[in-house]
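Me: I should like to learn how to read the features of a model of this kind, one at a time. Please give the general idea in each case, and then the case at hand.

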Amino acid sequence: MHTTSTFIDRLNAAWTTRNSLLCVGLDPDPAKFPAHLSGGPDAIFEFCKAIVDATADLACAFKPQIAYFAARRAEDQLEALIAHIRERHPEVPVILDAKRGDIGSTAEQYAVEAFERYRADAVTVNPYMGRDSIEPYLAWSDRGVILLCRTSNPGGSDLQFLDVGGERLFERVARLAAGEWNHTGQLALVVGATFPAEIARVRELTGDMPLLVPGIGAQGGDVEATVKAGRSSAGSGLMINSSRAILYAGKGEDFAQAARAVALATRDAINRYR
Ligand SMILES: O=c1ccn([C@@H]2O[C@H](COP(=O)(O)O)[C@@H](O)[C@H]2O)c(=O)[nH]1
């Protein structure tokens, strides 16, 4: 069941009821699946469903990354997975990590893909083509649009650190997102856990805006520094994503339980510093 509440309402509720800032990333790579799942026609769905069911009470959001499904012609399995989350764990918002970015007429189609086809609560968008490229997503005024701001990869600094009239480009994005672009009140930003100083700067510029923070776990970001830099005035405000460290915690038939153990430890480590 999908309620009429907005993405931010749903996120706030999930932060509270689950006492969790952990976003469980769903990046299914069949080469890393346990042997008993390999080769099955719906292996991607079965793998992700087991992870979702094992971690739903620990997660403030799920974040499927569309490339892992599209690369294997498994978009139908992504649809089925999101439908499963809606039905069995309706209180956990779904963020479709698509990082789309295009002119308005094409962005309209990407918005339909994210919000109608996949029924996502929020989608990640690349804002570097400017305001008109994000506007079509905002027509869905109850859905979240999460803009890339300061990404977690080392090369993110190549462009995002360029000086644009006395501030860095990612700071301009943060300022616009917190101000004139945010007419739905449903914008959020991606800021990498690998750069806590920039998380702090974005927090300074955006008040209590939600931040999606990938980069702990496999990318080595520091949990304590991330939380201390990014927590909001209420001690929340963060969707701290971990994908591979949770998904591939175990290789045997008990892989979902191994994933749950890592998710639990990660949620608790995050909560220690809120
Ligand atoms: O700046 C960014 C934006 C998005 N991502 C995505 O998050 C996950 C991270 O996966 P891990 O296995 O926890 O490293 C992945 O889907 C990326 O596409 C990011 O890492 N950095």
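Me: Which elements make the right-handed β-α-β unit with β7 and β8, and how is such a unit read?

Reply: One follows the chain from a strand, over a helix, to a second strand; with the strands pointing away from the viewer, a clockwise path is right-handed. In this predicted model, the unit consists of β7, helix α10 (residues 223–230) and β8, and its hand is right. The two strands run parallel, and four bridges join β7 (residues 211–214) to β8. One of the pairs to inspect is Leu211, whose bridge partner in β8 is Leu238.

Me: Which other strand pairs with β8, and in what sense?

Reply: Strand β1 (residues 22–26) pairs with β8 in the parallel sense, over three bridges. Here Leu22 has Ile240 of β8 as its bridge partner.

Me: How many residues of β8 are buried?

Reply: The criterion for a buried residue is 20 or more other C-beta atoms within 10 Å of its own. In strand β8 (residues 238–242), five of its five residues are buried. The two faces can be read separately: Leu238, Ile240 and Ser242 lie on one side, Met239 and Asn241 on the other, and all are buried.

Me: How does strand β3 compare with that criterion; how many of its residues are buried?

Reply: Strand β3 (residues 95–100) is mostly covered, with five of its six residues buried. Ala98 belongs to this strand, and Ala98 counts as buried because 20 other C-beta atoms lie within 10 Å. Lys99 is also found in β3. Lys99, however, is partly exposed, since its count is 17 other C-beta atoms within 10 Å.

Me: What does UniProt annotate at Lys99?

Reply: An annotation is to be read as a statement from a record, and it may be inferred rather than shown by experiment. The unreviewed UniProt entry gives "active site" at Lys99. UniProt also places the feature "domain: Orotidine 5'-phosphate decarboxylase", again from an unreviewed entry, at residues 21–259. In the model, that span is 41% helix and 17% strand, and its end C-alpha atoms lie 17 Å apart.

Me: Where does the chain go from β3, and which strand does it reach by way of helix α5?

Reply: Three bridges join β3 to strand β4 (residues 122–125), and the two run parallel. Ile95 has Ala122 of β4 as its bridge partner, while Leu96 stands opposite Val123. Between the two strands the chain passes through helix α5 (residues 104–117), and this β-α-β crossover is right-handed. In β4 itself, Ala122 and Thr124 point one way and Val123 and Val125 the other, and all are buried.

Me: Which strand pairs with β4 over four bridges?

Reply: That strand is β5 (residues 144–150), which pairs with β4 in the parallel sense. Thr124 has Ile146 of β5 as its bridge partner. The connection from β4 to β5 runs through α6, and this β-α-β crossover too is right-handed.

Me: Why do the buried residues of α6 line one face of the helix?

Reply: An α-helix has 3.6 residues a turn, so residues three or four places apart point the same way. In α6 (residues 131–138), the buried residues are Ser133, Ile134, Pro136 and Tyr137. Viewed down the axis of α6, these fall within an arc of 145°, and therefore line one face. The face turned away from the buried side carries the exposed residues Arg131 and Asp132.

Me: Which residues come nearest to the ligand?

Reply: A shell is read by its members and by their classes. Of the 17 residues around the ligand, Thr151, Ser152, Pro214, Ser243 and Arg244 come nearest. By class, the shell has eleven polar, three nonpolar and three charged residues.

Me: Where does Asn19, a residue other than glycine with a positive phi, lie?

Reply: Such a residue is read together with its place in the chain and its exposure. Asn19 has phi near 50° and lies in the loop between α1 (7–18) and β1. Asn19 is partly exposed, with 14 other C-beta atoms within 10 Å. Arg73 likewise has a positive phi, of about 50°, although it is not a glycine. Arg73 is located in the loop between α3 (66–70) and α4 (75–88), and counts as exposed because it has 8 C-beta neighbours inside 10 Å.

How values were computed:
Residues numbered from 1 in each chain as written. Predicted model: local features only at pLDDT ≥ 70, side-chain atom pairs only at ≥ 80, totals over all residues. Buried ≥ 20, exposed ≤ 12 C-beta atoms within 10 Å, placed from the backbone. Pairing = 2+ DSSP bridges. Near = placed C-beta within 6 Å. Nonpolar A, V, L, I, M, F, W, Y, C, P; charged D, E, K, R; others polar. Arc of directions from axis to C-beta.
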